[in-house]
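This short report introduces some strand pairings to a reader who is new to the structure. Please look at the sequence and the model first, and then follow the sections below.

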Amino acid sequence: MKKAVKYLFATVLAGAAILIVPGAARASITNPLAVSFTFDDGVADQLTAQSLLQDHAMVGTFYINSALIGMPSYMTRSQLDDLAANGHEIGGHTATHQDLLTLVPDEQNRQICTDRNTLLSWGFDVTSFAYPFANLDPGIEATAQHCGYNSARAVGDLYDATDCDDCPPAETVPPADAYAVRTPDDVEVTTTLAELQDLVTRAEVTGGWLPFNLHHLCDTGCPAESISSATLDAFLDWLAPRTAVGTTVKRVDQVVGGAVHAAVPATAPPAPGDPGVNTVRNPSLEDVSAFDPNLPDCWQSAGYGDNTAVQTRVTDAHTGGFASQIQVTALTDGDAKVIPRFDLGACSSQVAPGRTYQASAWYKSDVPVFFTLYQRNALGQWSYWTQSPRIAPSATWQHAVWNTPAPPATAVAASSGLTIDSVGTLVVDDLGFADNPLSPAPDGVNALVNPSLETPGADGYPACWTGAGYGSNTPVWTRVTDAADGAYAQKLELTDRDDGDAKLIPGWDSGNCAPLVTPGKTLSLSVSYHGTQPTYFTLYRQDTSGNWSWWTQSPPFAAAASYTTASWVTPVVPSGTRAVSFGLTLDAVGEVTTDNYSLVSH
């Protein structure tokens, strides 16, 4: 790098000798310097910068990730409106702040174009873009231009005393490359007022354009990419009178110019898969990420809370050569999972309204696990959708399968993965997500899952079954080997009771454990039981909106010292019913053991 040259020379202007010394401003009306304050990400603490700029009659450019607006710690739509109303520029920064170099070209296009189109739809004149993490290449530059931007800001390649002391002090006007606008290095918490002033006075020597790149306004406990409100305020105080030497503060669009181009449609994501088609990319986890050797390609680590989780790529695979392992070594709260990337279509699965989907995975674990599903709307905003019941640990490979409810009306994509939320180890492989139309079991076929209660669940009940009841009583549940069929049955004991009841029923869902039914048909119920008190069937129904309510109950069945069969045919299933659940009910102090359940429509 070149060393800064100190110099002293004289020139004559209008008959007078003027001495130029280091640091003297040389910007002028004919050789002006434009200073731009650009702020990345749309975080809420930048509203302090808005106030400081406006106090000094100055404006800035705010590069926004549209899909993050309204999220915790980010600005809201109304705050963006206020920025624009006060003369500030709203620019684009991709929908979800992805590193564009890690994405395939179609996803780069979706990130850049979707973000701009959303901001345009919100009423902003969007002409300026900034690359997340300042990562770009010629193809990404071309995409920014294709999506309708007049400029795109990088970071670096202007003078910086630490690592670019031979770089020019200012960008040219117009920029040498409008889609790789140069800046000094990021303004950080260690950047001093004197250093900011020095950058300006150096740039005033040549004139041109000096864009500053800022992220957070923060005074205590700050991220590295922060400036304190006091430092920014003092810098603006110092900068304001420099209009006398030709230095002014401008937005990026005021420097670059150009028309506001119409929205450019983003590259469409893949269509939702046909029924039965697995839409998970890299489902067997064989392809490694080009950017993280511990992650499969198209997958990311996710989770929340206070815990320590390590995700690694392992050779203990169900099929192929690799699987993914999550080891939680400490946990106060939260969870961990590996899931398809939260993107706009390259890795996540597209969904259609009104459809139901099946999430699946082969797994081994030493603690209970469950599926967590997230959904994305058309703006690119990801949020929690739903989760499955807990799935029992298994020392050997087991296939976990769960049918989702229909996605929310605003959902266009989904991402799902098995989740661990306790200290332990989970290994997953061969994951799936497929359109799975659900329908009632054919007439004459037992519609129950795990009817003989052989498969254990993760919560003390048989898999796909749960305890239910109401009132003031104490139920005790025990898995016993006193079985009518197979090796296991479930014992219920009420040890005390003031009122209410208890019963074992298929889980409260639709299409996984609680069987779907057809209105207008009747149901034949049966169960093998023995117990010390009379019992009866209680039935619940789920309506088409997903709400559960009591439906009906059978006449009582007598106490029995040895296994006998309780059976009953229900009334006609009411209209508007989607699913049912039922159980043999105990409403007195005593016990009942049940096994071999059946629900058949006819």
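## Strand β22 and its partners

In this predicted model, A336 stands opposite I420, a residue of strand β22. The pairing to which strand β16 (residues 335-340) belongs consists of two bridges to β22, and the two strands run antiparallel. I420 also serves as the bridge partner of V369, and strand β19, which spans residues 369-376, is joined to β22 by eight bridges in an antiparallel arrangement.

A further antiparallel pairing involves strand β17 (residues 349-350), which two bridges connect to β22; here S349 has A414 of β22 as its bridge partner. Strand β22 itself covers residues 413-420 and is mostly covered, since eight of its eight residues are buried.

## An open sheet of five strands

Elsewhere in the description comes a sheet that is open and made of five strands, arranged in the order β24-β27-β32-β29-β30 with antiparallel pairing. Its edge strands are β24 (465-470) and β30 (548-553), each of which pairs on one side only. On average, and with direction ignored, neighbouring strands of this sheet are turned by 35° against each other.

Within that order, strand β27 (residues 501-506) is joined by two bridges to strand β32 (residues 577-586), and these strands run antiparallel. A residue pair can be named for β32 as well, where L586 is the bridge partner of A502.

## A general remark on strands

When viewing the strands, it may help to keep in mind that in a regular strand the side chains alternate between the two faces of the sheet.

Note on methods: Residues are numbered from 1 along each chain as its sequence is written. This is a predicted model: local features need pLDDT of at least 70, side-chain atom pairs count only at pLDDT 80 or more; totals for chains, interfaces and linings use all residues. Side-chain values use heavy atoms; hydrogens and water are left out. Two strands pair if DSSP finds at least two bridges between them. Helices (H or I, at least four residues) and strands (E, at least two) are DSSP runs, numbered from the N terminus. Axes are lines fitted to C-alpha atoms, for helices over the stretch in contact, and angles run from 0 to 180 degrees between N-to-C directions. Buried means under 20% relative accessible area, exposed over 50%, partly exposed in between (1.4 Å probe, protein chains only).
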